[in-house]
Amino acid sequence: MITSPKGIKDILPQEEAYWDFVENAVKKTSKAYGFGRIRLPIIEKTKLFIKGTGKNTEIVKKEMYSFKTKGGDDLTLRPEGTPGVMRAYLERGMRSLIQPVKLYYFEPMFRHERPQHGRQRQFYQIGFETIGSDSSIIDAEIIQTVYNFLINLGIDNFVFQINSIGDINCRSKYKKVLQDCLSKNKSVLCDNCQKDLQDRIFNIFECKEEHCQQIVRISPKIIDNLCDLCRIHFKELLEILDEIEMPYSLNHSIVRGLDYYTRTVFEVLTVDEFGQMSSQLSLAGGGRYDSLSESIGGPKISGSGVAIGVERIISVLEDKNIDVSSGNKNPDIFIAQLGFTAKKYGLKLFDILVESGINVEATFSKDSLSPQLKLADSKGARYTIIIGEKELKDKNVLFSNMKSGNQEILQIKNLIPELKNRLNV
Ligand code: HAM
C-alpha cells in the first residue's frame, strides 16, 4: 500500500476543532492589530531562498525541497514565509500603500528535517509581518501580537527570549571578536563547532554539546559589541516592553539561524510551572529583517515579523486540555430516517434546514434507527427529528429532545418556523 511521505501527516476531521479554534484566534488577533491576510504561492523560485534566507543556512543547505521543472526553472516548496512576503510586497506595488504594511499568513511550509515529535516535513505556520518601518515600537507590537494571540488561545505558559544581533557591521566586527576567543579554546569545541568556526561561527550558540555551551557562556556577548544606533534601538525596545509589562527574558545566545535578521531577534518557548523551559522546541520565532529586501534585489526596506508553528500550538492546547469546542458547535438538529421515502424527504429537509441557518447533521447511509441515534448522541445533538413512513403519511415528524428523552409530534407544514422559534435562530 502506498503511504504518505515520511514526516508528512494528514489532518483528520476529529482534529478540525483545534484548527478551527486556532484559525478563529488568528482572525481575531489580525483584525485587532490590523494585519491583512496574504495567500502566498506554495512554490517560489529557489533563488528567493538562496538570496533571502541565506545560502549558508541549515534551511537552504539541507532542508529545501527544490526541483527543476520540465521547462528548466529552479523552484522550491517554500520552507518559510518571510522571503515570499517581502517578494510580494516589492512585486505587487505595496510600497505605494500607506506604510508600514501589515500582512499575515496561515500556510503550510516544507522542510526536509529529521521527523520527530514537534518537527514535521510539512507543517503550518502563522506569520505576522510588518514591512516599511525600522522603529523599535514595531518590534514591540509584533511581540505584543504574539502574546495576545497565545493568551487568547488560553496558552500562558511561555516566555519571550529576546536578543539583539545588531546590523551587518556590528555582526562582522563581533564575528572577529568571537573567532579570536573561540580559536583559543578550539580543542574543547566539538567537531561541528570547530568546522563552523570560519564561516558559520554563530551556529555554536545552537550547539547542544555542554562543553561548547560552557565556552559560549564565557565568550564575549554580541550585546556588548553593538554600534550606538543598534544599542539605542534595543534599549528602546526593552523600555517599551517594560512599559507594556510584557514578560520577557534576555538570552544572548539567541541568534536565529537565518541570514536576513538584523537587530531584534526573539523566540517563544514553553515553560513549566516553575518557570523552567519545558521544551527546546520553540512555539514561535521572529525578529527584524532590515536587509532582506536588498538581498533579494529590492531597495532598502525594513521589516519585522514572527512565525508561529501551528502543530506545536495545537500540541500545547492538547496538553493543557483546553476546551476548543466553541469552534466546532454541536448540531442543534440531527435528522434520522426510516425507509426509502423518509430518506428522500430527510435529504430535502436537510437542505431546507441548512438554508434556514439551522445547525443540522444527518447520516443517510444507515437503514435502522439505533445507529443513527447513537451517532446523534455522539455528536452531542440537542434534538433529533425522526422521520418514518407513517409520520410522512400523517404529514408530521417525531421531535425528540436528546437530553430529556421527551418526544413530541410536530406538523411538517409548521416545522421550520417552529424549529426556528425553539432554537432562537
Ligand atoms: P523559524 O524559527 O524557522 O522562523 O520557524 C518559526 C516556527 O515554525 C518555529 O518556532 C516552530 O514553531 C515552527 N517550525 C519550524 N520548523 C518546524 C518543523 N519542522 N515542524 C513543525 N514546526 C516547525 C521562520 O520561519 C521565520 N520565517 C520567522 C519570521 C517571520 N521571522 C520574521 N518573520
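**View 1. Ser 370 is an exposed residue in this predicted model.** Its relative accessibility is 53%, so Ser 370 counts as exposed, the cut-off being over 50%. Ser 370 is found in helix H13, which covers residues 369-378. Ala 336 lies 34 residues away from Ser 370 in sequence. In space, the two are 9.4 Å apart, C-alpha to C-alpha.

**View 2. The protein chain is divided into two domains, domain 1 and domain 2.** Domain 1 takes in residues 13-167 and 227-319. Domain 2 runs over 333-423. Their centres, taken over C-alpha atoms, are separated by 48 Å.

**View 3. Nitrogen atoms of the ligand meet polar atoms of the protein.** A polar side-chain atom of Glu 80 is 2.5 Å from a ligand nitrogen. For Tyr 261, an N or O atom in the side chain lies 2.6 Å from a nitrogen atom of the ligand. Gln 120 takes part through its backbone: a polar atom there is 2.9 Å from a ligand nitrogen. On its own, the ligand has 670 Å² of accessible area, and the protein covers 96% of this.

**View 4. A shell of 25 residues is found around the ligand.** Glu 80, Glu 113, Glu 129, Tyr 261 and Ser 282 come nearest. Three strands each give two or more residues to the shell: S6 (122-131), S10 (284-288) and S11 (303-309). By class, the shell has 10 polar, eight nonpolar and seven charged residues.

Notes: Residues are numbered from 1 along each chain as its sequence is written. This is a predicted model: local features need pLDDT of at least 70, side-chain atom pairs count only at pLDDT 80 or more; totals for chains, interfaces and linings use all residues. Side-chain values use heavy atoms; hydrogens and water are left out. A residue is near a molecule or strand if one of its heavy atoms lies within 4 Å of it. A polar contact is a pair of N or O atoms within 3.5 Å; within protein, one must be able to donate a hydrogen and the other to accept it, and residues adjacent in sequence count only if both atoms are side-chain atoms. Accessible areas come from the Shrake-Rupley method with a 1.4 Å probe; for residues, only the protein chains shown count as cover. Helices (H or I, at least four residues) and strands (E, at least two) are DSSP runs, numbered from the N terminus. Ala, Val, Leu, Ile, Met, Phe, Trp, Tyr, Cys and Pro count as nonpolar, Asp, Glu, Lys and Arg as charged, and the others, Gly among them, as polar. Domain bounds come from an automatic or database domain assignment. Buried means under 20% relative accessible area, exposed over 50%, partly exposed in between (1.4 Å probe, protein chains only).
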